Amino acid sequence: MPADDRPWGRAEQAAAFDAIGDRYDEAFPHKEGQLAAGAWLAATVPPGSRVLDLGCGTGLPTAGQLADAGLRVVGVDLSAGMVRRAGANVPKAEFVQADIANLPAGEPLAAGAFAGVAAFFSLLMLRRAEIPPTLRAIHGLLEPGGLLALSMVEADVDDAPIPFLGHTIRVSGYLRDELRQVVTDAGFDVIEEDAYAYAPASTDVPPEQQIFLRCRRG
């Protein structure tokens, strides 16, 4: 894992999600926005395409949804525990433990290898300074005209610690106009935008405003 210049960094973030495990899906049982964005991606890329689930978590629902649609799915997550759960939940997909801000070059993450990328709430886990280069890296992983389904929680924060299911994680976010600009600056055309007011099942997690962008590589 790459060195982190913060006293609290990637290793702590991964350890929190290792410990949270399946409680994540229990806290977020209703994922209408994520399912709708995943369905758009599955229906719009060519049949049988390679697609990437960036920050795949337990593999549910997105990697499973895309694999069930007949797509060839690669999932990436920083948490080794989440990668193990994803492999058990979605055996038809391939999963890789990696830092989404420092993706390893080459197979299965070769440049231009994917028709679509799903990045649902994964960029939240990065510092704001890391988000534009990560979006540019996603741009490079997509084939020309490839699609990106992206979601973030709307919040004007950068690397802020928050309590989450009995642990502390650090998150970043943007207000929606700024998020759209960051995505556009990284080389994407925003096709459509949706927003959902979301109240998690767990009282340990506050309500949030979720933004979903459907984008095409420009």
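Select Arg180 first: at 27% relative accessibility, Arg180 counts as partly exposed, a class that lies between buried (under 20% relative accessible area) and exposed (over 50%), computed with a 1.4 Å probe on protein chains only. The model is predicted, so local features need pLDDT of at least 70 and side-chain atom pairs count only at pLDDT 80 or more, while totals for chains, interfaces and linings use all residues. Residues are numbered from 1 along each chain as its sequence is written, and side-chain values use heavy atoms, with hydrogens and water left out.

Next, add Glu193, which forms a salt bridge with Arg180, the closest N and O atoms being 2.5 Å apart; a salt bridge here is a side-chain nitrogen of Lys or Arg within 4 Å of a carboxyl oxygen of Asp or Glu. This pair links distant parts of the chain, with Glu193 in strand S8 and Arg180 in helix H7 (residues 176–185), 13 residues apart. Helices (H or I, at least four residues) and strands (E, at least two) are DSSP runs, numbered from the N terminus. Extend the selection to Glu154, Arg176 and Asp177, which are linked with Arg180 and Glu193 in a network of salt bridges.

Then move to strand S9 (residues 208–217), where seven of the ten residues are buried. Strand S8 (residues 188–198) runs antiparallel to S9 and is joined to it by ten bridges; DSSP must find at least two bridges for two strands to pair. Within S9, select Arg214, the bridge partner of Glu192. Arg214 also forms a salt bridge with Glu192, the closest N and O atoms being 3.7 Å apart.
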